[in-house]
Amino acid sequence: MTTCTADHLHTPVPVPPYPEVPQGAFQHGIANQALADWVARIALLTRPDEIVWCDGSDEEWHRMTEAMVQAGSLIRLDPGLRPDSFLARSTDDDVARMEDRTFICSQTESQAGPTNNWRAPGSMHAELDGLFAESMRGRTMYVVPYSMGPVGGAISQLGVQITDSPYVVVSLATMTRMGTEALREIGPDTPWVAGVHSVGHPLRNADGTRREDVAWPSNPTKYIAHFPEERAIWSFGSGYGGNALLSKKCFALRIGSTIARDEGWLAEHMLLLKLTDPSGRAFHIAAAFPSACGKTNLAMLRPSLPGWSVETIGDDIAWLRPGPDGRLWAINPEAGIFGVAPGTSEATNPVAVDLVRKRTIFTNVALTEDGDVWWEGKSEPPAHLIDWQGHYWTPASGLPAAHPNARFTAPLTQCRTLADDWFAADGVPVDAILFGGRRASNVPLVVESTSWEHGVFMGATISSERTAAQEGTVGELRHDPFGMLPFVGYDMGDYWQHWLDVGAALGDRAPRIFQVNWFRKGPDGSFLWPGFGDNARVLAWIAARVSARDTAGAVESELGLIPAEGALDVRGLDLPNRSLYALFEVDSAAWLEECDEIAAYFASLGDTVPAAVRAQLVALRERIGEPQSHSASSREGGSAGTATETSGRRAVVASGVAA
Ligand code: SAT
Ligand code: MN
């Protein structure tokens with residue numbers, strides 16, 4: 001048997017016959033020799049029983065989901081309640097993305113930078129070759145071609161994932177434009193990104209004897225390894241989400257960000273939405289937030305303001321590229337939603353509730369007696385359930401019935417607020433970029449940057465309370481620049497410089513940049529801002545700012561531009577002046593501490609942090625100046641009208657009074 005070399009994609013290794021490869025390949029009209037060779041080479045390494053080229057048809061999806069039901073790895077939900085929908089249960093060591101098992105294998109460690117785990121490509125390939133050797137014995141190896149973005153679109157890219165997980169195949173069928181059409185796009189010289197995935201649970205032992213399959217096969221040894229120079233991803237041992245659906249975080253963000261750097265565009269962890277004002281004017285907004293901070297909810301927002309509408313283009317990833325007109329154009333490269341189930345309800349996100357009514361794969365939610373799904377926050381808990389691990393559950397059990405990172409996988413075409421723009425081959429022009437996170441304190445409801453560089457500083461200094469989407473302690477504050485900490489495929493400081501370069505090239509055609517925070521809390525620990533549909537009030541202010549030719553509607557604060565008197569529409573909101581004041585309060589002492597903390601963070605990133613970003617920190621510190629001793633007492637006083645600390649606070653509070 002041939003062993004694989006480090007140059008999997010580049011050296012044409014003579015491939016000994018592996019019966020099904022050439023026939024399968026040429027039946028499907030493979031025009032790209034490197035692709036045919038690669039499939040043969042991976043088959044030789046992993047030794048599956050058969051190779052299947054996926055065509056992306058409905059028939060294939062139904063056949064594969066039914067086979068998984070027969071095999072016990074999917075549970076069919078009641079077809080009357082939820083047609084063509086299924087429940088998958090993973091094992092408790094495979095429930096989220098694993099950042100400590102994620103590696104960037106660039107040529108040098110400094111290319112990966114201090115925020116990534118690095119391994120030399122040669123030694124990582126050697127280790128992976130050992131793990132993948134015969135890892136598909138007894139299984140089917142699926143070859144899954146897909147397009148990220150509309151097939152043939154100006155910003156779109158192609159990928160092919162090899163996997164031995166049928167769960168991954170049917171998920172990719174939802175999450176990407178998968179199948180024959182994408183494969184046909186891969187011509188002799190077309191670039192494509194290679195993904196190799198195995199759950200690492202072969203069904204035959206080395207001596208040929210049969211090994212039992214399990215409902216959720218995986219391997220205690222896990223690797224999610226990226227090879228930016230080869231544009232290749234190798235993932236072993238996990239079947240879950242971003243570890244296994246290699247189109248998503250691995251390609252669209254980690255490999256994508258390196259392609260974007262080389263080609264002068266941006267691959268970002270952003271939702272994309274179309275906002276339309278009462279006069280019919282449309283705005284396209286891209287917004288970056290860390291995982292599980294409400295991107296899906298914002299992308300499907302039902303505005304509380306009459307006459308406004310929000311339509312969905314994407315909820316997780318956006319690719320943004322300077323267009324021929326000099327503006328920044330964006331697509332959602334995905335075709336489905338891998339959304340967080342817990343907390344999703346008619347009250348919080350009716351669009352998502354409707355989206356998952358049919359043809360949805362649920363992972364790690366609870367099962368009801370009548371064959372439907374349930375999760376925390378969906379409704380009042382039923383008297384009893386089967387929890388995400390398959391155990392009998394009652395509200396008295398004291399444990400969540402659904403895993404906090406339980407997910408639904410559903411096609412975007414089922415989203416009733418989907419914008420026509422999602423189909424637009426060349427994307428949409430971006431008017432505004434938002435950065436946000438979960439911050440109980442310090443960060444105001446909304447701030448506009450005063451320049452692109454200031455906006456890059458806002459993105460670079462996002463920190464957020466940790467959520468269940470990543471391993472670690474939920475609630476703990478961590479820096480998550482651009483919401484991209486786990487997703488930038490190269491050095492973080494170089495990535496910030498790339499943002500500066502893209503902005504410089506866009507010049508005065510660049511979108512405006514804003515910072516938002518829906519999660520600020522008052523002294524009693526409750527949220528100050530109602531959030532959800534009322535976030536449209538913030539979007540409306542942003543739209544007005546984008547339209548404004550001067551400073552109308554905004555006043556300066558230490559942190560940037562905030563709404564001027566009357567500019568933020570809070571009519572009809574039961575929002576005390578005290579809360580409005582607190583939403584924009586700049587506590588100087590707390591901000592000086594935050595500046596120290598940011599400085600320490602920058603220092604930890606090394607000397608690639610751009611001078612322009614460091615200069616923004618210096619300028620911020622100067623604007624804040626010395627701590628003001630009376631800020632705490634005026635907050636306690638609660639009488640917003642008497643606050644005199646900054647012009648910004650006066651302006652916003654006045655707007656509250658006016659409303
Ligand atoms: O599991 S995923 O990485 O796809 C979800 C997320 O963290 O955003
Ligand atoms: Mn995400």
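## Empty space inside the protein

A cavity, as the word is used here, is a set of grid points where a 1.4 Å probe fits but cannot get out. In this predicted model, the largest cavity holds about 160 Å³ of space. Its lining is made up of 19 residues, and those closest to its centre are Val443, Met458, Thr461, Gln515 and Trp591. Four elements each supply at least two residues of that lining: α12 (452-460), β30 (512-516), α16 (588-605) and α17 (611-624). By residue type, the lining of the largest cavity comprises nine nonpolar, seven polar and three charged residues.

How many cavities of 30 Å³ or more does the structure hold? There are four of them. The second largest has a volume of about 50 Å³, and the residues lining this second cavity include Pro290, Ser291, Cys293, Arg478 and Asp480. A run of residues from Ser464 through Glu465 and Arg466 to Thr467 also lines the second largest cavity, as does Gln470. Here the split is two nonpolar, four polar and four charged residues.

## The largest pocket

Let's turn from cavities to pockets. The largest pocket has a volume of about 990 Å³. A total of 50 residues line this pocket, and Ala292, Cys293, Gly294, Asn297 and Arg438 lie nearest its centre. Two or more lining residues come from each of α8, α9, α10 (295-299), β18 (336-340), α11 (350-355) and β24 (407-411). Among these elements, α10 gives the most, with four residues. The lining of the largest pocket divides into 24 nonpolar, 17 polar and nine charged residues.

## Ligand 1 and its shell

Where does ligand 1 sit? You will find ligand 1 in the largest pocket. Its surroundings consist of Arg97, Gly241, Gly242, Lys248, Lys249, Ser291, Phe338, Arg407 and Ala469. Two helices, α8 (241-244) and α9 (247-263), each supply at least two residues of this shell. The shell around ligand 1 counts two nonpolar, three polar and four charged residues.

Ser291 is worth picking out on your screen, as this residue belongs to the shell around ligand 1 and also lines the second largest cavity.

Which residues place an atom by an oxygen atom of ligand 1? Arginine 97 has a polar side-chain atom 2.6 Å from a ligand oxygen, and serine 291 has a polar side-chain atom 2.8 Å from an oxygen atom of ligand 1. Glycine 242 takes part through its backbone, with an N or O atom 3.0 Å from an oxygen atom of the ligand. On its own, ligand 1 has 260 Å² of accessible area, and the protein covers 98% of it.

## A second pocket

The second largest pocket holds about 530 Å³ of space. Of the 25 residues that line this pocket, Met68, Ser73, Arg139, Pro166 and Asp213 are the closest to its centre. The elements giving two or more residues to this lining are α3 (58-71), β6 (140-148) and α6 (166-175). With five residues, α3 provides the largest share. The lining of the second largest pocket is made up of 15 nonpolar, five polar and five charged residues.

Notes. Residues are numbered from 1 along each chain as its sequence is written. Chains are lettered from A and ligands numbered from 1 in the order in which they are written. This is a predicted model: local features need pLDDT of at least 70, side-chain atom pairs count only at pLDDT 80 or more; totals for chains, interfaces and linings use all residues. Side-chain values use heavy atoms; hydrogens and water are left out. A residue is near a molecule or strand if one of its heavy atoms lies within 4 Å of it. A polar contact is a pair of N or O atoms within 3.5 Å; within protein, one must be able to donate a hydrogen and the other to accept it, and residues adjacent in sequence count only if both atoms are side-chain atoms. Accessible areas come from the Shrake-Rupley method with a 1.4 Å probe; for residues, only the protein chains shown count as cover. On a 1 Å grid over the protein atoms alone, a cavity is a set of points where a 1.4 Å probe fits but cannot get out, and a pocket is an open set with protein on both sides within 12 Å along at least five of seven lines; lining residues have an atom within 4 Å of a point. A molecule sits in a cavity or pocket if more than half of its atoms lie within 2 Å of its grid points. Ala, Val, Leu, Ile, Met, Phe, Trp, Tyr, Cys and Pro count as nonpolar, Asp, Glu, Lys and Arg as charged, and the others, Gly among them, as polar. Grid points are joined across faces, edges and corners, and a volume is the space filled by probe spheres set on the points.
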